[in-house]
Amino acid sequence: MTAITSCDTYDLFHVGHLKLSQQARELSGPDRTLMVVVSSDKFNCEQKGERCAISDYQRTEIDFLSKSGSGAIVFESLSRSIAMVGCL
């Protein structure tokens, strides 16, 4: 199985997120997995100095994430999310 991962904050959904999602889905193809990785509120605050308008768990539920990806996870550290995606 081949897995494609799309990682972003996905706060305040915009056309760039839609294009990223479409391109990732095209790369994943019909027999591959597309995993969407959403950065956590904690990560954005501590690593980027930003506060999100929409909570991390709400961002994973945004319609385009559930329809374009095979699943979505929230990560608090990049190394931890890589390990989680590696287990798919």
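**Entry 1: A surface patch**

I began with a term: a nonpolar patch is made of residues with over 30% relative accessible area and no salt bridge, their nonpolar side chains being joined within 5 Å. I note at the outset that the model is predicted. I then looked up the patch formed by F13, V15 and L18, and I recorded an area of about 260 Å² for it. I placed L18 in helix α1, which covers residues 15–28. The relative accessible area of L18 is 34%, so I entered this residue as partly exposed.

**Entry 2: The chain as a whole**

I listed five helices and three strands in the protein chain. Reading from the N terminus, I wrote their order as β-α-β-α-α-α-β-α. The chain has 88 residues, and 38% of them count as buried. I recorded an exposed area of about 5,500 Å² for the chain, with 53% of it supplied by carbon and sulfur atoms. I also looked up how far apart the contacting residues lie in sequence. Among contacts with a separation of 6 or more, 67% join residues 24 or more positions apart.

**Entry 3: The nonpolar core**

I first noted a general point: in soluble globular proteins, nonpolar side chains tend to be buried together. Which residues make up the largest nonpolar core here? I found five residues in it, namely M35, V37, F43, I73 and F75. Strands β2 (33–39) and β3 (71–75) are the elements that each give two or more residues to this core.

I then examined two of the core members separately. F43 has 18% relative accessibility and F75 has 4%; the limit for buried is under 20%, so I entered both as buried. Leaving aside residues up to four places away in sequence, I found that F43 touches K48, F75, E76 and S77.

**Entry 4: The aromatic pair**

I reminded myself that a pair of aromatic rings is described by the distance of the centres and the angle of the planes. The structure holds one such pair. I recorded 5.0 Å between the ring centres of F43 and F75 and an angle of 55° between their planes, so I classed the pair as tilted. F43 belongs to helix α2 (residues 41–48) and F75 to strand β3; the two are 32 residues apart, and the pair thus links distant parts of the chain.

**Entry 5: The salt bridge**

I noted that side chains of opposite charge can pair when their charged atoms come close. I found one salt bridge in the structure. Its partners are R59 and D41, with 3.0 Å between their closest N and O atoms. I located R59 in helix α3 (residues 56–60) and D41 in helix α2, so the bridge ties together parts that lie 18 residues apart in sequence.

Are the two partners buried or exposed? I recorded a relative accessible area of 0% for R59, which is buried. D41 is partly exposed, at 29%.

**Entry 6: Two positive phi angles**

I looked last at the loop between β1 (3–8) and α1, where Y10 lies. L12 also lies in the loop between β1 and α1. The phi angle of Y10 is near 55°, a positive value in a residue other than glycine. I found phi near 55° for L12 as well, and L12 too is a residue other than glycine. I then looked up how accessible each residue is. Y10 is buried, with a relative accessible area of 2%, whereas L12 is exposed, with 53%.

How values were computed: Residues numbered from 1 in each chain as written. Predicted model: local features only at pLDDT ≥ 70, side-chain atom pairs only at ≥ 80, totals over all residues. Heavy atoms only, no water. Core = buried A, V, L, I, M, F, W, Y, C linked by side-chain atoms within 4.5 Å. Buried < 20%, exposed > 50% of the residue type's maximum accessible area, 1.4 Å probe, protein only. Helix = DSSP H or I, 4+ residues; strand = E, 2+ residues; numbered from the N terminus. Contact = heavy atoms within 4.5 Å. Phe/Tyr/Trp six-rings, centres within 6.5 Å; stacked < 30°, edge-to-face > 60°. Salt bridge = Lys/Arg side-chain N within 4 Å of Asp/Glu carboxyl O. Patch = residues over 30% accessible without salt bridge, like charges linked within 9 Å, V, L, I, M, F, W, Y side chains within 5 Å. Areas by Shrake-Rupley, 256 points an atom, 1.4 Å probe, with all protein chains shown as cover.
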